[in-house]
Amino acid sequence: MKRKTKFIVIALTAIMLLSGCGSGGTKITKTMYDKIENGMTIEQVEEILGEGEENARTETAGIIIANYQWINKDGSNIQIMFQDGKVNTKAQAGLK
């Protein structure tokens, strides 16, 4: 029985830790936001902020514009517009 209990404790711990991964688990900060520069790729941005959520995409005259967001549990957030895969505009609200 001890072995089964130990396994359950380890499994529950792993689930709790993994549930903090991904776009909802990373706490974004003003320091992280300040590292983002125009011209960076989505891959470079996600190395800093973690995975973002694409919430809009449009293509006009061969130019692709995509908007991504990162949101903390308290509502503070980062919005980044990518033009042809590179940071064009960034904004933040409420970051500490």
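How many bridges join E3 to E4? The count is seven, and the two strands run antiparallel. That pairing is a handy way into this structure, which is a predicted model, and the rest of the sheet can be built up from there.

First, the overall layout. The protein comes to three helices and four strands, and from the N terminus on the elements run α-α-α-β-β-β-β. Its accessible surface amounts to about 6800 Å², with 58% of that belonging to carbon and sulfur atoms. Of the 96 residues, 23% count as buried. As for how the chain meets itself, 38% of the contacts with a separation of 6 or more are between residues 24 or more positions apart.

Now to the sheet. The four strands make an open sheet in the order E1-E2-E3-E4, paired antiparallel. Strand E1 (53-60) and strand E4 (86-93) sit at the edges, each pairing on one side only. On average, neighbouring strands are turned by 15° against each other, direction ignored. E2 and E3 pair in the antiparallel sense over seven bridges, and seven bridges also join E3 to E4. Asn77 is a good residue to follow across these strands: Asn77 of E3 is the bridge partner of Ile71, and in E4 the bridge partner of Asn77 is Ala93. The hairpin of E3 and E4 has two residues between the strands, and in this hairpin Asp84 takes a positive phi near 50°.

Where does H3 lie with respect to the strands? It lies across E2, E3 and E4, running at about 5° to E2.

The nonpolar core comes next. In soluble globular proteins, nonpolar side chains tend to be buried together. Here the largest nonpolar core has 16 residues, and those with the most contacts inside it are Val45, Leu49, Trp70, Ile78, Ile80 and Phe82. The elements giving two or more residues to this core are helix H2 (30-34), helix H3 (42-49), strand E2 (63-71) and strand E3 (77-83). Phe82 shows how the pieces come together. Setting aside residues up to four places away in sequence, Phe82 touches Met40, Thr41, Ile42, Val45, Ile64, Ile65, Ala66, Tyr68, Trp70, Val87 and Asn88.

One of those partners, Ile65, lies in strand E2. Is Ile65 buried or partly exposed? With a relative accessible area of 27%, Ile65 is partly exposed. Apart from neighbours within four places in sequence, Ile65 is in contact with Ala56, Arg57, Thr58, Met81, Phe82 and Gln83. Ile65 and Lys86 are 21 residues apart in sequence, and their C-alpha atoms are 9.2 Å apart in space.

Met32, in helix H2, makes a useful second case. Because its relative accessible area is 15%, and buried means under 20%, Met32 counts as buried. Leaving aside neighbours within four places in sequence, Met32 is in contact with Thr26, Lys27, Ile48 and Leu49. Leu49, one of these partners, is also among the residues with the most contacts inside the largest nonpolar core. Met32 and Leu95 are 63 residues apart along the chain, yet their C-alpha atoms are separated by 9.7 Å.

That leaves the charged pairs. The count comes to two salt bridges. In one of them, Asp34 pairs with Lys30, the closest N and O atoms being 2.8 Å apart. Both of these residues lie in helix H2, four residues apart, which is about one turn of the helix. Neither end of this pair counts as buried, because buried means under 20% relative accessible area: Asp34 is partly exposed at 44%, and Lys30 is partly exposed at 32%. In the other salt bridge, the side chains of Glu54 and Arg57 meet, again at 2.8 Å from N to O. Glu54 is partly exposed too, with a relative accessible area of 33%. Its partner Arg57 has already come up, as one of the residues in contact with Ile65.

Definitions and conventions:
Residues numbered from 1 in each chain as written. Predicted model: local features only at pLDDT ≥ 70, side-chain atom pairs only at ≥ 80, totals over all residues. Heavy atoms only, no water. Core = buried A, V, L, I, M, F, W, Y, C linked by side-chain atoms within 4.5 Å. Buried < 20%, exposed > 50% of the residue type's maximum accessible area, 1.4 Å probe, protein only. Contact = heavy atoms within 4.5 Å. Pairing = 2+ DSSP bridges. Axes fitted to C-alpha atoms, helices over the stretch in contact; angles between N-to-C directions. Salt bridge = Lys/Arg side-chain N within 4 Å of Asp/Glu carboxyl O. Areas by Shrake-Rupley, 256 points an atom, 1.4 Å probe, with all protein chains shown as cover.
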